[in-house]
Amino acid sequence: MKLFIPKFFVFLLLPFLGIAQDISVSGFYVRPTKGNNGAAFMMLTNHTERHIKLIGAKTDASAHVEIHTHIKEGDIYRMRSIPYIVINPGSTVVLESGGLHLMLMDLKNPLEEGTVVNITLDFEGQGAETFSVPVKKKSCGCCKKSKEV
Ligand SMILES: [Cu+2]
């Protein structure tokens with residue numbers, strides 16, 4: 001199944017997506033891929049005075065989504081699944097290439113640049129929020145690194 005979402009439809013949805021009251025999500029994008037797994041990146045800013053956890057994500061584009069980090073083993077960095085990401089009070093966590101990211105596992109179709117995938121983020125105690133996420137090679141400038149995951 002390919003996601004062909006008319007542009008006007010995305011436009012209509014935009015006012016309702018992207019900003020939760022306590023957490024803001026910016027620079028959210030997914031990299032195009034022909035492989036089985038895709039990677040999603042973003043910045044998460046916690047506007048509250050308490051810790052907030054990203055405890056999961058899901059999408060209709062893949063079988064499931066894992067939260068990944070990179071762990072150094074000897075001289076090699078390997079991806080590891082972790083149960084959650086903590087966003088400290090008043091802080092921003094960057095999910096970027098080579099670091100934390102969401103891994104879209106077992107994609108149903110290749111992720112083609114210019115399309116959109118819906119990804120739902122689940123924050124502990126905040127509920128879930130769904131975003132229309134563009135498939136593109138680079139973010140809108142929030143992530144400086146460009147090395148491959
Ligand atoms: Cu990964």
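Two residues are taken to be in contact if their C-beta atoms, placed from the backbone, lie within 7 Å. The structure is a predicted model, in which local features need pLDDT of at least 70, side-chain atom pairs count only at pLDDT 80 or more, and totals for chains, interfaces and linings use all residues. Residues are numbered from 1 along each chain as its sequence is written.

A good place to start is His68, found in strand E4 (residues 62–73); strands are DSSP runs of E with at least two residues, numbered from the N terminus. His68 counts as buried because it has 21 C-beta neighbours inside 10 Å, the cut-off for a buried residue being 20 or more other C-beta atoms within 10 Å of its own. Beyond its neighbours within four places in sequence, His68 touches Met79, Arg80, Ser81, His101 and Met103 by the contact criterion. The C-alpha atoms of His68 and His101 lie 5.4 Å apart, although 33 residues separate the two along the chain.

Turning to the core, the largest nonpolar one contains 25 residues, where such a core is a set of buried Ala, Val, Leu, Ile, Met, Phe, Trp, Tyr and Cys residues joined through C-beta atoms within 7 Å. Strand E2 (38–46) is among the elements that give two or more residues to this core, and E2 gives the most, with five. Val30 is one of the residues with the most contacts inside the core. Leaving aside neighbours within four places in sequence, Val30 is in contact with Gly38, Ala40, Leu111, Val117, Val133 and Val135.

Key
Helix = DSSP H or I, 4+ residues; strand = E, 2+ residues; numbered from the N terminus. Buried ≥ 20, exposed ≤ 12 C-beta atoms within 10 Å, placed from the backbone.
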